[in-house]
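Here are my notes on the model you sent round. Have it open while you read, and shout if anything looks off.

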Amino acid sequence: MTVSKHRIGPFDLPVRDLVRKPGEMREVDLEVPAPERWGEGLVAIDEATPIEIAARLESVHEGILVSGDADATYTGECGRCLTAISAPVQVEFQELFAYPGDETSDFELQDDHVDLETLIRDAIVLSLPFQPVCQPDCPGLDPVTGERMTESAGEEQREPLDPRWAALQDYTTDPDTDTTRAGAENTEES
Ligand SMILES: [Zn+2]
């Protein structure tokens, strides 16, 4: 009996019992902490966030077909008002881990296991919202004060929030100034 020297990682699933046995199938559930931050945008999966995986391993002639879904929670900030947000993300995946030598597949069986990390990381990162918002109608930040606007303030740009800005508000009614465009952005986008 030989022991594989390959270090088994947290996303590696042993499939020795399925290798070269087309028709055999097994399901496995596991929870793995994200090994690093996943995602480069406003929201991401933080390191150590639990990734819940429900996988189905099927032995086929070409290798091991892996399918299933993965659940995690992303965190970050709203793209409009910068409020901290957090929301669940669920992805489905399916990939053939081919026996070594088959060059048509992106993934290969390594020794007697499949490594799901790249597959699941890519699926999750691609599903993260590119422009995340705290709520669908988030009014964003007030261009004048920089504060998060309430919904009514977003509707009524004509009323200055602060009397000190009243003079500036008059300015923005002139259609030829740049400040007009900045001020009108929220209400008159065409
Ligand atoms: Zn927001």
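The points below go from the overall layout to the sheet, the helix, the core and two single residues.

1. First, the caveat: this is a predicted model. The protein chain averages a pLDDT of 82, with 75% of the residues at 70 or above. Over residues 152–159 the pLDDT drops below 50, and beyond near neighbours in sequence that stretch has 8 contacts in the model. Residues 177–190 are also under 50, with 13 contacts beyond four places in sequence. I'd leave the details of both stretches alone, because low-pLDDT coordinates should not be read in detail.

2. The overall layout is easy to follow. There are 4 helices and 8 strands in the protein chain, and the order along the sequence is β-β-β-β-β-β-β-β-α-α-α-α. Of the 190 residues, 18% are buried. If you take the contacts between residues at least 6 apart in sequence, 58% of them join residues at least 24 apart.

3. Now the strand pairing, starting with β5. Strand β5 (residues 63–77) runs antiparallel to β6 (residues 84–98), and 15 bridges join the two. To get your bearings on this pair, look for Ser-67, whose bridge partner in β6 is Gln-94, and for Glu-77, which stands opposite Ala-84 in β6. The β5–β6 hairpin has 6 residues between its strands, and Leu-82 there takes a positive phi near 70°. That backbone angle is worth a look when you check the turn.

4. β5 has other partners too. It pairs with β4 in the antiparallel sense over 9 bridges, and Ala-55 has Gly-68 of β5 as its bridge partner. The hairpin that joins β4 to β5 does so through 2 residues. Strand β3 (residues 43–44) also pairs with β5, again antiparallel, over 2 bridges. Within that pairing, Ala-44 is matched with Thr-75 in β5.

5. What about the direction in which β6 and β7 run: parallel or antiparallel? They run parallel, with 2 bridges joining β6 to β7 (residues 107–108). One bridge to find on screen is the one from Ala-98 to Glu-108 in β7.

6. Helix α1 has a buried side and an exposed one. Its buried residues are Leu-119, Ile-120 and Ile-124. They sit on the same side of α1 because they cover an arc of only 115° around the axis. Turn to the other side of α1 and you find Thr-118 and Leu-126 exposed. Which strands help cover the buried residues of α1? The cover includes β4 (50–60), β5, β6 and β7.

7. That leads to the core. The largest nonpolar core has 26 residues, and those with the most contacts inside it are Ile-64, Val-66, Val-114, Leu-116, Ile-120 and Ile-124. Elements giving two or more residues to this core are β4, β5, β6 and α1. The largest share, 5 residues, comes from β5. As background, nonpolar side chains in soluble globular proteins tend to be buried together.

8. Ile-64 is a good residue to click on if you want to see this core from the inside. Not counting residues up to four places away in sequence, Ile-64 touches Val-15, Leu-18, Leu-57, Glu-58, Ser-59, Phe-97, Leu-109 and Val-114.

9. Back on the helix, Val-125 is found in α1 (residues 117–127). Why does Val-125 count as partly exposed? It has 17 C-beta neighbours inside 10 Å, and the cut-off for buried is 20 or more, so Val-125 misses it. Leaving out residues up to four places away in sequence, Val-125 touches Trp-38 and Gly-39. The C-alpha atoms of Val-125 and Val-89 are separated by 9.7 Å, with their positions 36 residues apart along the chain.

10. Last one: Ile-8, which is in the segment before β1 (12–14). Ile-8 has 13 other C-beta atoms within 10 Å and is partly exposed; exposed would need 12 or fewer, so Ile-8 does not qualify. Ile-8 and His-113 are 105 residues apart in sequence, yet their C-alpha atoms are 8.6 Å apart in space.

Terms used. Residues are numbered from 1 along each chain as its sequence is written. This is a predicted model: local features need pLDDT of at least 70, side-chain atom pairs count only at pLDDT 80 or more; totals for chains, interfaces and linings use all residues. Two strands pair if DSSP finds at least two bridges between them. Two residues are in contact if their C-beta atoms, placed from the backbone, lie within 7 Å. The arc is that of the directions from the helix axis to the C-beta atoms. pLDDT is the predictor's confidence in each residue, from 0 to 100. A nonpolar core is a set of buried Ala, Val, Leu, Ile, Met, Phe, Trp, Tyr and Cys residues joined through C-beta atoms within 7 Å.
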